[in-house]
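Biologist: I'd like a close look at one part of this model, please, and at whatever sits around it. Could you walk me through it slowly, as you would for a first-year student?

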Amino acid sequence: MAQGDAGLEARLVAAGVQLVAERGAQALSLREIARAAGVSHGAPRRYFPTHLSLLSAVARTGFADLGARASAALGEGEGEPGPRDRIERLCRVYLDFARTEGGMFELMFRHDLLESGHPGLRETSLPLFGRLVDAVARVRPRPADARVAAGVLWAGLHGIAQLWCWGSLPLATGADDVEPLLRALLDAHLGPDAG
């Protein structure tokens with residue numbers, strides 16, 4: 001790929017990232033992304049054969065950002081946090097990302113809008129879940145169940161994130177902070193915190 005090609009491809013992805021941040025996932029039509037990148041509406045097809053492939057490239061940047069935030073929160077390269085602390089840190093990063101990057105968060109987990117097998121998307125998204133599985137395996141007495149237990153924990157966490165962002169959970173629970181909900185979720189799936 002020529003240098004100009006790589007530059008235009010990156011510009012299209014950057015335009016998609018900006019649009020999703022400003023207007024949400026519903027704004028990510030090929031025409032809107034092309035307009036935001038300052039190119040003809042047919043230009044994206046040169047680099048992204050389908051709308052889904054362009055959306056997948058945009059989502060990949062979200063997973064990379066979330067992964068970097070998780071690494072920072074886990075202090076990778078520093079002392080290793082305990083397994084439950086590791087899970088709590090991952091959960092807080094996830095909830096914060098949902099709160100601050102709502103449009104990207106929505107896009108990243110809408111696999112009906114993405115090409116899950118798109119080069120780079122799977123490699124960027126699955127390691128995040130793998131971190132959660134590894135941490136759960138250290139806490140759960142039966143590590144063979146860690147993948148399922150992590151999946152259920154993630155589903156609960158995603159539900160809290162989505163319902164909190166929509167305003168449903170604060171309304172239903174009267175809570176003004178997500179922390180008690182996170183604690184209850186962790187206790188339900190991991191047992192009460194002994195520390």
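Modeller: Sure, let's start where two helices touch. On the H4 side of this predicted model, the residues that meet H5 are Gly62, Asp65, Leu66, Arg69, Ala70, Ala73 and Leu74. Facing them from H5 are Arg86, Arg89, Leu90, Val93, Tyr94, Asp96, Phe97 and Thr100. Sort the residues of this contact by class and you get eight nonpolar, two polar and five charged.

How do we describe the way the helices lie? Two packed helices are described by the angle between their axes and the distance between the axes. For H4 and H5, the angle is about 140° and the axes are 9 Å apart. That angle makes H4 oblique to H5. As for handedness, H4 passes H5 in a right-handed crossing.

Now stay with H4, which covers residues 51-74, and look at another partner. Helix H7 (residues 121-139) packs with H4 at an angle of about 30°, and here the axes are 8 Å apart. H4 and H7 are therefore roughly parallel to each other. Their crossing is left-handed, while the crossing of H4 with H5 is right-handed. From H4, the residues in this contact are Ser56, Ala59, Arg60, Phe63, Ala64, Leu66, Gly67, Ala70, Ser71 and Leu74. From H7 come Leu121, Thr124, Ser125, Leu128 and Arg131. This time the split is eight nonpolar, five polar and two charged. Spot the names that turn up again: Leu66, Ala70 and Leu74 meet H7, and Leu66, Ala70 and Leu74 also meet H5.

Let's follow H7 onward. Its axis and that of H8 come within 8 Å and cross at roughly 115°, in a right-handed crossing. H7 brings Phe129, Leu132, Val133, Val136 and Ala137 to this contact. H8 answers with Ala146, Arg147, Ala149, Ala150, Gly151, Leu153 and Trp154. By class, that is ten nonpolar residues, one polar and one charged.

So much for the helix pairs; now for the open spaces. The largest pocket holds about 430 Å³. It has 20 lining residues, and those closest to its centre are Phe109, Ser125, Leu128, Phe129 and Trp154. You've met some of these already: Ser125 and Leu128 belong to the contact of H7 with H4, and Phe129 and Trp154 to the contact of H7 with H8. Which elements give two or more residues to this lining? They are H4, H5 (83-100), H7 and H8 (146-166). H7 gives the most, with seven residues. The lining as a whole divides into 14 nonpolar, three polar and three charged residues.

The second largest pocket has a volume of about 160 Å³. Its lining is made of 13 residues, with Leu95, Asp96, Arg99, Trp164 and Val178 nearest the centre. Asp96 is a name from the beginning of our tour, as one of the H5 residues that meet H4. H5, H8 and H10 (179-190) each supply at least two residues here, and the largest share, five residues, comes from H5. In this lining there are eight nonpolar residues, no polar ones and five charged ones.

To put the pieces together, H4 packs with H5 and with H7, and H7 also crosses H8. H4, H5, H7 and H8 then turn up again around the largest pocket.

Notes:
Residues are numbered from 1 along each chain as its sequence is written. This is a predicted model: local features need pLDDT of at least 70, side-chain atom pairs count only at pLDDT 80 or more; totals for chains, interfaces and linings use all residues. Side-chain values use heavy atoms; hydrogens and water are left out. Axes are lines fitted to C-alpha atoms, for helices over the stretch in contact, and angles run from 0 to 180 degrees between N-to-C directions. Helices (H or I, at least four residues) and strands (E, at least two) are DSSP runs, numbered from the N terminus. Angles under 35 degrees count as roughly parallel, over 145 as roughly antiparallel, 65 to 115 as roughly perpendicular and the rest as oblique. A crossing is left-handed if the near helix is turned anticlockwise from the far one by less than a right angle, and right-handed if clockwise. Contact means heavy atoms within 4.5 Å. Ala, Val, Leu, Ile, Met, Phe, Trp, Tyr, Cys and Pro count as nonpolar, Asp, Glu, Lys and Arg as charged, and the others, Gly among them, as polar. On a 1 Å grid over the protein atoms alone, a cavity is a set of points where a 1.4 Å probe fits but cannot get out, and a pocket is an open set with protein on both sides within 12 Å along at least five of seven lines; lining residues have an atom within 4 Å of a point. Grid points are joined across faces, edges and corners, and a volume is the space filled by probe spheres set on the points.
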